[in-house]
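Trainee: May we go through this model together? I would like to begin with its pockets.

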Amino acid sequence: WGEIVTPDDIHYTYLWGVGFRASDGTPFRDEQITFFINAALREISRRLNITIKKTRVACEPQRRKLEKGKDYDEEESFYTFNWARVQRQGFIATRKRPVSSVSKLDLISRNEKIRSFLDCFTLDKTKGLIKFFKPPFRMSDTQKGIRAAVSPYRDGYQGNHLFYSIDYIAGYESSDDVPDDLREIIAKKCAVDLLNII
């Protein structure tokens, strides 16, 4: 993914002229500075409620026997299907944003996958909105089939038994894609935290 801020940025730009040494001359190591950079990155992400570092998000990975670090970075649970919300809004707001891509977008019931929507959606990457081109049931489905699938879940039950299973990538594709003003906020936060110690 790269480095959003480097120890040299801190040394020679944000804390230029500050001695990174203890009273006995022991230098403050780059590994220590990197810890503060990563901590500042996480705190700014949390305060702004965005994902900055590229993160692979998987739905219920344990059920699918996916390995953390290899197949995904963070896990999420299902998104609840709500027929009234789909009719009114026609989109799903992901829990993390921005979103660079979606690799799995399935509507599932208690027993099976109803269908994948990967062929009929568009993505508002900045806001993390998955927008549908089609309603959640195909026009080729029969009326009887639609009633059989949906009617048990109306009147307060549908939200508990129909879900979206979504895998996606949140955050910026690489550190080079992070806007300069956001990069500077992270670097300044790191510099202030280091000054508390140095």
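Trainee: Which element gives the largest share of the lining of the second largest pocket?
Mentor: That is β5, with three residues. This is a predicted model, in which local features need pLDDT of at least 70 and side-chain atom pairs pLDDT 80 or more, while totals for chains, interfaces and linings use all residues. Residues are numbered from 1 along each chain as its sequence is written, and side-chain values use heavy atoms, without hydrogens or water.

Trainee: What counts as a pocket, and what as a strand?
Mentor: On a 1 Å grid over the protein atoms alone, a pocket is an open set of points where a 1.4 Å probe fits, with protein on both sides within 12 Å along at least five of seven lines; lining residues have an atom within 4 Å of a point. Strands (E, at least two residues) and helices (H or I, at least four) are DSSP runs, numbered from the N terminus.

Trainee: And the largest pocket, which residues lie nearest its centre?
Mentor: Ser-45, Thr-51, Ile-52, Thr-55 and Glu-74 do, out of 16 lining residues. Helix α2 supplies the largest share of that lining, five residues.

Trainee: Back to the second largest pocket: which residues are closest to its centre?
Mentor: Arg-63, Phe-78, Ile-108, Ser-109 and Ser-165, among the 15 that line this pocket. Two or more lining residues come from each of β5 (99–108) and β9 (163–170).

Trainee: Changing topic, how many salt bridges are there?
Mentor: The search of the whole structure gives 13, each being a side-chain nitrogen of Lys or Arg within 4 Å of a carboxyl oxygen of Asp or Glu.

Trainee: Take Arg-115 and Asp-119: which of the two is buried and which exposed?
Mentor: Arg-115 is buried because its relative accessibility is 9%, whereas Asp-119, at 57%, is exposed. Here buried means under 20% relative accessible area, exposed over 50%, and partly exposed in between, with a 1.4 Å probe and protein chains only. Their closest N and O atoms are 3.0 Å apart.

Trainee: What about α6, where Glu-184 and Lys-188 lie?
Mentor: These two are four residues apart, about one turn of the helix, and form a salt bridge at 3.4 Å between the closest N and O atoms. Glu-184 is partly exposed at 34%, as is Lys-188 at 44%.

Trainee: And Lys-189 with Asp-193, at what N to O distance do they meet?
Mentor: Their salt bridge spans 2.6 Å. Asp-193 has a relative accessible area of 18%, so this residue counts as buried. Shared partners join Glu-43, Arg-47, Lys-189 and Asp-193 into one network of salt bridges.
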